[in-house]
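This briefing sets out the overall architecture of one chain and then turns to its parallel sheet. Please consult the sequence and the structure below alongside the text.

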Amino acid sequence: MKDTLFSPAFGNKPGTLVGRDFDMKLLAAGLDAVPGSKERARLIIGQRGLGKTVLLLELADYARQHNYIVASPTVVSGDMLERILEKLERDGQKYLPPKKNRITGGTLGFLGFSAGIQTEGDKEPEKSFAYRLLDFCIKAKDAGKGVLILIDEVQGNSEELKKLIIAYQEMVGEGQNIAVVFAGLPATVSQALNQHVLTFFNRASRLQLAPISVSEIAIYYHKCFERLGISISDPWIDRAAAETGGSPYMMQLIGHYITISASDDGVITEPEYHRALSYARKEFIADICETTLSPLSERDIDFLEAMSQDEKESSIKDLCTRLHVEPSFGQRYKNRLIQAGVIVSKRRGFVEYAVPYLNEYFRMQKE
Ligand SMILES: Nc1ncnc2c1ncn2[C@@H]1O[C@H](COP(=O)(O)OP(=O)(O)OP(=O)(O)O)[C@@H](O)[C@H]1O
Ligand SMILES: [Mg+2]
């Protein structure tokens with residue numbers, strides 16, 4: 001059957017936002033807070049595929065409907081600041097007076113047309129980012145609008161990020177109606193960021209993304225399969241929802257493979273159902289597990305691999321014995337991997353994987 005509802009990819013906006021009502025409320029409340037307050041600067045932290053980019057995109061829509069001019073998610077990179085200004089200009093063009101392009105130089109050719117004309121608009125890049133941002137914020141304020149800047153894939157030690165943060169603080173000092181939301185992986189966010197960025201991020205209000213609720217996923221599957229005309233039993237839906245481990249990306253993958261495995265008249269056989277689940281699992285392992293592990297050190301990976309011998313949680317003491325290391329080493333790995341968002345400790349002395357299917361990944365490696 002043709003899939004018209006599920007969209008397993010990265011950075012796309014899903015047809016329906018599942019299980020993020022509370023997160024969206026928090027983000028929306030930030031926009032409604034007094035300019036300059038802590039909630040006006042947010043940092044969304046979450047593992048791969050947990051829906052950071054999706055939340056930024058949803059927030060962009062919400063903000064536009066609530067009197068904000070929005071720079072849609074910009075990935076941290078060399079030309080980030082230029083991109084932010086371009087996006088603000090484009091998003092705000094409906095509301096703000098057009099830029100004056102007074103001719104300041106160049107030659108006029110036949111009939112006055114020439115490629116060599118320089119206008120004041122062209123000269124703008126000579127001004128600092130903070131100057132141009134303040135200029136934009138003032139114009140936005142005159143038009144009754146706030147300014148929201150969304151930054152995706154935060155990187156440690158980025159000069160551009162530092163400049164943006166300094167400019168944001170200056171805008172706040174000038175009493176401008178501005179908000180900024182950053183999103184990044186736990187490992188990158190907790191990396192030794194340069195001092196200025198670190199202090200700012202420590203003070204910004206953090207939104208740690210959790211897996212979405214499996215029961216909400218089951219309800220969503222019910223609705224989707226009904227709409228698509230696929231007949232599938234409740235226990236199969238519940239099992240599919242449980243297999244997502246609360247990952248929105250896995251929810252999209254499983255939904256997609258079940259849908260395309262069904263016949264045009266909405267029937268899915270047991271072997272097809274199991275094949276769909278196993279296909280989704282393989283894809284998740286390749287897309288999420290492998291990319292999560294790739295930046296980690298060999299020793300970190302040894303620690304994670306040693307955990308795969310346990311069914312659910314692992315005792316730190318056992319892990320140290322398996323790895324032939326002193327308890328202090330074990331503690332150090334534990335802390336580092338918790339910071340990187342790869343494991344969690346739900347009770348003292350024990351850890352478990354924070355990313356679904358890492359266990360299967362390590363077991364597959366051994367086969
Ligand atoms: N709340 C949600 N409801 C439905 N689908 C979602 C939700 N959150 C994310 N998704 C889907 O999950 C997939 C991954 O989402 P997204 O790209 O936002 O993740 P991410 O956290 O930004 O990942 P990465 O760290 O790799 O950039 C997409 O297919 C997206 O449509
Ligand atoms: Mg993303």
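Two residues are taken to be in contact if their C-beta atoms, placed from the backbone, lie within 7 Å. On that basis, 71% of the contacts in the chain with a separation of 6 or more are accounted for by residues 24 or more positions apart. The model discussed here is predicted.

**Overall architecture**

- The chain contains 16 helices and 10 strands.
- Its C-alpha trace spans about 75 × 60 × 45 Å along the principal axes.
- The chain has 367 residues, of which 37% count as buried.

**The open sheet**

- An open sheet is formed by five strands, whose order is β2-β5-β6-β1-β7 and whose pairing is parallel.
- The edges are occupied by β2 (68-75) and β7 (205-208); each has a single partner strand, so one side of each is left without a neighbour in the sheet.
- On average, neighbouring strands of this sheet are turned by 15 degrees against each other, direction ignored.

**The β2 edge and its helix**

- Edge strand β2 pairs with β5 (residues 146-152) in the parallel sense, over six bridges.
- Within this pairing, I69 has V147 of β5 as its bridge partner.
- Helix α3 (residues 80-92) packs on the sheet, where it touches both β2 and β5.
- The direction of α3 makes about 145 degrees with that of β2.

Terms used. Residues are numbered from 1 along each chain as its sequence is written. Chains are lettered from A and ligands numbered from 1 in the order in which they are written. This is a predicted model: local features need pLDDT of at least 70, side-chain atom pairs count only at pLDDT 80 or more; totals for chains, interfaces and linings use all residues. Helices (H or I, at least four residues) and strands (E, at least two) are DSSP runs, numbered from the N terminus. A residue is buried if 20 or more other C-beta atoms lie within 10 Å of its own, exposed if 12 or fewer, and partly exposed in between; C-beta atoms are placed from the backbone. Two strands pair if DSSP finds at least two bridges between them. Axes are lines fitted to C-alpha atoms, for helices over the stretch in contact, and angles run from 0 to 180 degrees between N-to-C directions.
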